[in-house]
Amino acid sequence: MAKPADTRTAGRKAAVKATRSAAETEKIRAALAARRDELRAEYDQTLSEITELQRDRLTDSAGDDQADTGTKTFEREQEISLANSIRERITQVERALERLDEGGYGWCERCGNPIPVERLAAFPSATLCVTCKQLEERR
């Protein structure tokens, strides 16, 4: 059962969340969608480069010693790691778009406080306020 203070706070936050205008919401949506599209293009380019490099490595591996093979394996793992990082950023932006549709964009998922505009400007897909993010990083 919710405490009366909790109900008042939740109602106030819900009312504050609803104050974003449709124009502001569309501007945010357009910026997030543009970022998602940029990341998808970067991801596709990275996958294309990985495929091309793999083809080159297969045809140019004759006479490789263990050090050459190890270097090529390390480079391949780095490239795959980069592609995975880009994919994760795409997922974060898509989640931000979902939160925007649900009305939760710009609000901390942990404490419910607003995420500062400066933080959202620097990291548009942020889901935690600065305080909660600092607590998460300390763990």
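Hi everyone, let me start with one residue: serine 125 is buried, with a relative accessible area of 9%. Serine 125 sits in the loop between α4 (117–122) and α5 (130–138). What does serine 125 touch, leaving aside residues up to four places away in sequence? The answer is Gln92, Val93 and Ala96. Before going on, please keep in mind that this is a predicted model.

Two of those partners, Val93 and Ala96, come up again if we look at leucine 32. Setting aside residues up to four places away in sequence, leucine 32 touches Val93, Ala96, Leu97, Tyr105 and Pro124. That brings us to the core. The largest nonpolar core has 19 residues, and Leu32, Tyr105 and Cys108 are the ones that touch the most other members. Which elements give two or more residues to this core? They are α2 (22–59) and α3 (66–102). The largest share, seven residues, comes from α3.

So let's stay with α3 for a moment. This helix has 37 residues and reaches 53 Å from its first C-alpha to its last, close to the 54 Å expected at 1.5 Å a residue. Its buried residues are Lys72, Glu79, Ala83, Ile86, Ile90, Val93, Ala96, Leu97, Arg99 and Leu100. You'll notice the charged names in there, with Lys72, Glu79 and Arg99 among the buried residues. Just after α3, glycine 103 takes a positive phi of about 90 degrees.

On to charges. How many salt bridges does a search of the whole structure find? It finds twelve. As a reminder, side chains of opposite charge can pair when their charged atoms come close.

Here is one from α2. Glutamate 38 and arginine 35 form a salt bridge, with the closest N and O atoms 3.2 Å apart. The two are three residues apart in helix α2, so about one helical turn separates them. Are they buried or partly exposed? Glutamate 38 counts as partly exposed at 47% relative accessibility, and arginine 35 counts as partly exposed at 32%.

Now the end of α3. Arginine 95 meets glutamate 98 in a salt bridge at 3.5 Å, N to O. Again the partners are three residues apart, this time in helix α3, and therefore separated by about one helical turn. Arginine 95 is partly exposed at 31% relative accessibility, and glutamate 98 is partly exposed at 41%. Arginine 95 has another partner too: its side chain meets that of glutamate 102 in a salt bridge at 3.7 Å, N to O. Glutamate 102 is exposed, with a relative accessible area of 59%. Through shared partners, salt bridges join Arg95, Glu98, Arg99, Glu102 and Glu109 into one network.

Next, the annotated region. For residues 103–138, UniProt lists "domain: Zinc finger DksA/TraR C4-type", in an unreviewed entry. In the model, the chain over residues 103–138 is 42% helix and 0% strand. The end C-alpha atoms of that stretch are 29 Å apart.

I'm sure someone is about to ask about the cysteines. How many disulfides does a search of the whole structure find? Zero. Why is there no bond at cysteine 129? The closest cysteine sulfur, in cysteine 132, is 3.6 Å from the sulfur of cysteine 129, which is too far for a bond, because a disulfide needs the two sulfur atoms within 2.5 Å. For cysteine 132, the closest cysteine sulfur is in cysteine 108, also 3.6 Å away and too far for a bond. Both residues are buried: cysteine 129 at 7% relative accessibility, and cysteine 132 at 6%. Cysteine 108 you have met already, as one of the residues that touch the most other members of the core.

One last stop, at proline 114. Proline 114 lies in the loop between α3 and α4, and is partly exposed, with a relative accessible area of 48%. Its contacts, not counting residues up to four places away in sequence, are Gly106, Trp107 and Cys129. Proline 114 and glycine 104 are ten residues apart along the chain, and their C-alpha atoms are separated by 9.7 Å.

That's my tour, and I'm happy to go back to any of these residues. Thanks for listening!

Methods. Residues numbered from 1 in each chain as written. Predicted model: local features only at pLDDT ≥ 70, side-chain atom pairs only at ≥ 80, totals over all residues. Heavy atoms only, no water. UniProt positions renumbered as here; feature names shortened; annotations may be inferred. Helix = DSSP H or I, 4+ residues; strand = E, 2+ residues; numbered from the N terminus. Buried < 20%, exposed > 50% of the residue type's maximum accessible area, 1.4 Å probe, protein only. Core = buried A, V, L, I, M, F, W, Y, C linked by side-chain atoms within 4.5 Å. Contact = heavy atoms within 4.5 Å. Expected span 1.5 Å × (residues − 1). Salt bridge = Lys/Arg side-chain N within 4 Å of Asp/Glu carboxyl O.
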